[in-house]
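Colleague: I am new to this structure and would like a close look at a single part of it, the pairing of its strands. Please take me through that part with care, and then show me how it sits beside the rest.

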Amino acid sequence: MKGVITSIMIWLAFSPVGVKAQDKPEEWNLSRCIRYAREQNIQVKKSKISLEENREQYLKSKAQLFPSLSFSSSHNWVNRPKSVEADENSYSGNYGFSSSVALYQGGQLRKQVRQQELQNQIQELYIREAENNIEIAITESFLQVLYAMESVGINKNTEEVSRQQCERARQLYTAGSISKSDLAQLESQYSTDKYQTVAARATLEENRLSLKQLLELNIMDDIRLNIPSLSESDVLKLLPSKQEVYTAALDFMPEIAGSRLSVVSAQSDVAIAKAGYLPSLNLTAGIGTSHVSGSGYSFSDQLRHNFNESVGVTLSVPIAGNRKNKSAVKLAQLSVENAELDYLNSQKELLKTVETVYLDALSSQNRYKAAMESVKAAMQSYSLVEEQFNLGMKNTVELLTEKNNLLAAQQELVQAKYMAVLNLQLLNFYQGKGIQFN
C-alpha cells in the first residue's frame, strides 16, 4: 500500500511535465513548428499579458462612471492639563459613509472608456503582429534547415565522387598512366571535399539550433524534421500581381489596422483634452454621526442625536488654468499628426516589403530556371571530361575544374530553389492565405 501511495505521489509531481512533453511532436513539419512557436514564444506571451493589463485598465476607466462609496471614522483624545474643570481629558469619535458621482465632465469619462476600448483592439493587433513575426521567422529558419540538409547531401555526393576518383587515380598511377603530381592533386581535392562536407554539416547544425531557439525548446530537446518533397511546380508557381498582394496585405496585416486605430485613439485624446475647457458637476452624499466624552449623554444617545444626512453638488468652472488645457489640446493635436504619419509610413513600409518579396520571388524563379540548365550542361561536360580523363585525353586540372563547376551549379540550383519557395510562401502570407507548405 505504501508503494502504491508513493507511486501516485511521484506521478502527481511529474505529470505536468509529462503533459507538456506530449505537446511536443515527435516529428516536426512547418505547420507544427509555427503552431508550437505561437504558443511558446516569449514575445507573444508578453503581448498577451499586455492585453490583460489593458483590459483591466478598461474596467477601471468604466468604473469611474459609477458612484463611489467609502466609510470613514476619526477618533481624537484631548488632554487639558490647565483646565479648571474636573475632567481634564476628553475623547471624541466620528463615523460616516460618503458617496460621490460625476454628473458631467464634458464627456471626458465616456471618451476615456472608448479610448481604452481602442487600446484593447490595438493590443490584440499587436498580438497578431507578434504571431506573424514568429511565423515568418520560423518559415525562414525551417527552409534554411532544409537548404542546409540538401547542401550536405550535395557535398557528400561530391566527396564520394572524389573518393572514387582517388581510387581510380591510384590504379592509373600504378599502371603508369598518370603522374604523381596528378594523383596528389586528386587526393588534395578529396581532402578539400571532405572538409566542405564537414563545414556543410556544421552549418546544418547551426541552422537546427536557430530553429530550436525560435521554438523555445530546452537544451535537452531535439527536433526531427519531416522533410517535404518539393517538385519543380512548387518552385515555379505563377506569381500574383504586386498590386493584388499589396491590396490584400493592407486589409490583412495587423500593423496597418493598428496604425489606423492609433490615429483614432489620438483623435480621442484631442476630444478628452478639449473637455478640460468645460465645467464639471459632481454630486456628493453622506451620512454620519459622532460622540464626545464628558457631555453628560450616553454613547448611544449621542450617536442617535448626532446622526446627520448630507447631499451636495459641486460645480467647477475652469477660468484660468495657466495654459494647462490649451497645451494639452495642442499636444494632443500634434500626436494626431504623428499618428497619421506613422499610418502613412506603415503603408509605405508594407509596400516596400511586398515589392522586395515579389522581386526576390521573380528573381529566384529565373535563377532556378537558369541553374537547372547550368546543372544539366555541367553534368554533361563533367561526364565527358571524366571519360576523357580516364582515357588519358584530359589532365587533372581540367577534370577538377569541371567537377567544381558542377558543384557550384548544384549549389546555385539549391539556393535558388529555396529562395523561390520562401518568397512564394511570403507572398501567400501577405495575402492572408497563410503559409501553404506541406
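Modeller: In strand 4, the residue that partners Ile287 across a bridge is Glu309, while in the other direction Ile287, which belongs to strand 3, stands opposite Phe97. This is a predicted model, and what follows should be read with that in mind. The pairing between strand 3 and strand 4, the latter covering residues 308-316, is antiparallel and is made by nine bridges. Strand 3 itself covers residues 280-292, and with strand 2, residues 89-104, it pairs over 12 bridges, again in the antiparallel sense.

Another residue of strand 3 to look at is Leu281. If neighbours within four places in sequence are set aside, Leu281 is in contact with Val101, Ala102, Leu103 and Tyr104, and also with Val313, Thr314 and Leu315. One of these can be followed in the backbone as well, since the C-alpha atoms of Leu281 and Leu315 are separated by 4.7 Å although the two residues are 34 residues apart along the chain. Despite these contacts, Leu281 has a relative accessible area of 27%, and because buried would require under 20%, Leu281 counts as partly exposed.

The strands are four in number, and the protein also has 11 helices. Its radius of gyration is 39 Å, whereas the globule rule gives 22 Å for 438 residues, so the protein is more spread out than a compact globule. Along the principal axes, the C-alpha atoms fill a box of roughly 135 × 70 × 40 Å. Of the 438 residues, 36% count as buried, and among contacts with a separation of 6 or more, 81% are between residues 24 or more positions apart.

Turning to the helices, the largest nonpolar core holds 70 residues, and those that touch the most other members are Trp28, Ile138, Leu211, Leu215, Leu350 and Tyr430. The elements giving two or more residues to this core include helix 4 (108-174), helix 5 (180-214), helix 10 (324-390) and helix 11 (396-430). Helix 11 supplies the largest share, 17 residues. There is also a second, separate core of eight residues, with Val270, Val329, Ala332 and Val336 among its members.

Leu350, one of the residues with the most partners in the largest core, shows how such a position is surrounded: apart from neighbours within four places in sequence, Leu350 is in contact with Tyr246, Ala249, Leu250, Met253, Ile256 and Tyr430. Ile256 appears again beside Ser346, a residue of helix 10, whose contacts beyond four places in sequence are Glu255, Ile256 and Ser259. With Ser259 there is a polar contact as well, side chain to side chain, at 3.4 Å. Ser346 has 14% relative accessibility and therefore counts as buried, in contrast to the partly exposed Leu281 of the strands.

Helix 5 can be checked for its length in a simple way. At 1.5 Å a residue, its 35 residues should span 51 Å, and because its end C-alpha atoms are 51 Å apart, the two values agree. After helix 5 comes Glu216, which has a positive phi, near 60°.

Notes: Residues numbered from 1 in each chain as written. Predicted model: local features only at pLDDT ≥ 70, side-chain atom pairs only at ≥ 80, totals over all residues. Heavy atoms only, no water. Core = buried A, V, L, I, M, F, W, Y, C linked by side-chain atoms within 4.5 Å. Buried < 20%, exposed > 50% of the residue type's maximum accessible area, 1.4 Å probe, protein only. Contact = heavy atoms within 4.5 Å. Polar contact = N/O pair within 3.5 Å; in protein donor to acceptor, adjacent residues only side chain to side chain. Expected span 1.5 Å × (residues − 1). Pairing = 2+ DSSP bridges. Rg over C-alpha atoms; globule rule 2.2 N^0.38 Å.
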